[in-house]
Amino acid sequence: MLEERVTDERWQAIIHNDVSYDDQFFYAVKTTKIFCRPSCKSKPPKRENVRVFQNASQAMREEFRPCKRCKPTGERLPDREWVAQITQYIDSHYNEKLTLEHLADMCHGSPFHLQRTFKRLMSMTPVEYIQKKRIDRARELLVHSNNQIADVAQLVGMPNTPYFITLFKKMTGKTPSEYRQQCVKQ
């Protein structure tokens with residue numbers, strides 16, 4: 001493997017977005033599978049999640065994708081691939097607090113570009129996608145568990161139970177209790 005150590009000097013270059021190191025190495029973030037230039041303005045990763053490479057092709061061989069923000073290969077990541085990366089992140093983290101800003105940081109883009117691109121390709125906003133994912137999971141939990149409605153809301157990332165009930169009814173036409181009762185009768 002061609003991975004190099006994250007020295008203190010390189011770590012300082014990463015967290016200070018030092019452009020003078022751009023031609024010396026690239027860093028990748030294990031949790032997002034994205035690689036960047038040291039000068040990237042994205043939120044600094046946790047040091048233990050960083051890998052260092054001599055060049056972009058090494059990072060790509062290890063299946064890291066180029067950052068949408070700093071474009072370490074000089075090319076833009078295709079929008080479809082970027083949105084797929086975002087939906088994959090949402091699908092894995094829907095039960096956490098997710099904001100447009102957080103998603104943009106995680107996927108190395110601007111909130112404005114993320115909102116516009118996601119809506120164009122998915123025909124819904126990132127927030128609508130998150131809500132759909134949460135309500136779909138809530139439906140499963142209501143049918144296949146005996147969890148209280150408040151517990152279901154918590155499990156799908158919606159700690160405000162009245163809001164969860166309102167959104168559930170808006171999206172399904174029934175309250176969570178009505179939905180559960182209907183499914184049990186069938």
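This report walks through some features of the structure shown above, from its nonpolar cores to single residues. Keep in mind that the model is predicted.

**The nonpolar cores**

A good place to start is the inside. In soluble globular proteins, nonpolar side chains tend to be buried together. Here the largest nonpolar core has 16 residues. Those with the most contacts inside this core are Ile86, Ile90, Leu98, Leu103, Leu114 and Phe118. Four helices each supply at least two residues of this core: H3 (79–93), H4, H5 (111–122) and H6 (126–144). Which helix gives the largest share of this core? That is H3, with five residues.

Apart from this core lies another one, of 15 residues. Its members include Trp11, Tyr21, Cys67 and Cys70.

To see how a core residue is surrounded, find Leu114 in the viewer. Leaving out residues up to four places away in sequence, Leu114 touches Trp82, Ile86, Leu100, Leu103, Ala104 and Pro126.

**Two buried residues in helices**

Now look at Thr87, which has its place in helix H3. Is Thr87 buried or exposed? Its relative accessibility is 11%, and buried means under 20%, so Thr87 counts as buried. The side chain of Thr87 reaches back to the backbone oxygen of Ala84, at 2.9 Å. Not counting residues up to four places away in sequence, Thr87 also touches Phe118, Met122 and Tyr129.

Pro176 is found in helix H9, which covers residues 176–185. With a relative accessibility of 1%, Pro176 counts as buried. Which residues is Pro176 in contact with, leaving aside its neighbours within four places in sequence? They are Leu142, Ile149, Phe164, Ile165 and Phe168. Pro176 also shows how the folded chain can bring together places that are separated in sequence: Pro176 and Arg139 are 37 residues apart in sequence, and their C-alpha atoms are 7.9 Å apart in space.

**A charged residue that is buried**

Arg51 lies in strand E3, made of residues 50–53. Its relative accessible area is 11%, so Arg51 is buried, as this is under the 20% limit. The side chain of Arg51 has a partner in Glu62: a polar contact of 3.5 Å joins the two side chains.

**Out on the surface**

Other residues are exposed. Asp23 lies in the loop between helix H1 (8–15) and E1. Its relative accessible area is 75%, and exposed means over 50%, so Asp23 is exposed. The C-alpha atom of Asp23 is separated by 8.9 Å from that of Pro38, and these two residues are 15 residues apart along the chain.

Phe112 is a residue of helix H5. Phe112 has a relative accessible area of 59% and is exposed. Between the C-alpha atoms of Phe112 and Glu101 the separation is 9.1 Å, with their positions eleven residues apart along the chain counted as the distance apart.

**Two residues with a positive phi**

Next come two loop residues that have a positive phi although neither is a glycine. The table puts them side by side.

| Residue | Phi | Loop | Relative accessibility |
|---|---|---|---|
| Lys33 | about 60° | between E1 and strand E2 (34–36) | 30%, partly exposed |
| Glu63 | about 70° | between helix H2 (56–61) and strand E4 (65–66) | 62%, exposed |

**The largest pocket**

Finally, turn to the pockets. What is the volume of the largest pocket? It is about 250 Å³. The residues lining the largest pocket are Tyr27, Val29, Thr31, Thr32, Lys43, Pro44, Pro45, Lys46, Asn49, Asp105, Met106 and His108. Two elements give two or more residues to this lining, namely strand E1 (26–29) and helix H4 (100–106). By kind, the lining residues of the largest pocket divide into five nonpolar, four polar and three charged.

Helix H4 is worth a second look in the viewer. H4 gives two or more residues to the lining of the largest pocket, and H4 also supplies at least two residues of the largest nonpolar core.

Note on methods
Residues are numbered from 1 along each chain as its sequence is written. This is a predicted model: local features need pLDDT of at least 70, side-chain atom pairs count only at pLDDT 80 or more; totals for chains, interfaces and linings use all residues. Side-chain values use heavy atoms; hydrogens and water are left out. Buried means under 20% relative accessible area, exposed over 50%, partly exposed in between (1.4 Å probe, protein chains only). A polar contact is a pair of N or O atoms within 3.5 Å; within protein, one must be able to donate a hydrogen and the other to accept it, and residues adjacent in sequence count only if both atoms are side-chain atoms. On a 1 Å grid over the protein atoms alone, a cavity is a set of points where a 1.4 Å probe fits but cannot get out, and a pocket is an open set with protein on both sides within 12 Å along at least five of seven lines; lining residues have an atom within 4 Å of a point. Grid points are joined across faces, edges and corners, and a volume is the space filled by probe spheres set on the points. Ala, Val, Leu, Ile, Met, Phe, Trp, Tyr, Cys and Pro count as nonpolar, Asp, Glu, Lys and Arg as charged, and the others, Gly among them, as polar. A nonpolar core is a set of buried Ala, Val, Leu, Ile, Met, Phe, Trp, Tyr and Cys residues joined through side-chain atoms within 4.5 Å. Contact means heavy atoms within 4.5 Å.
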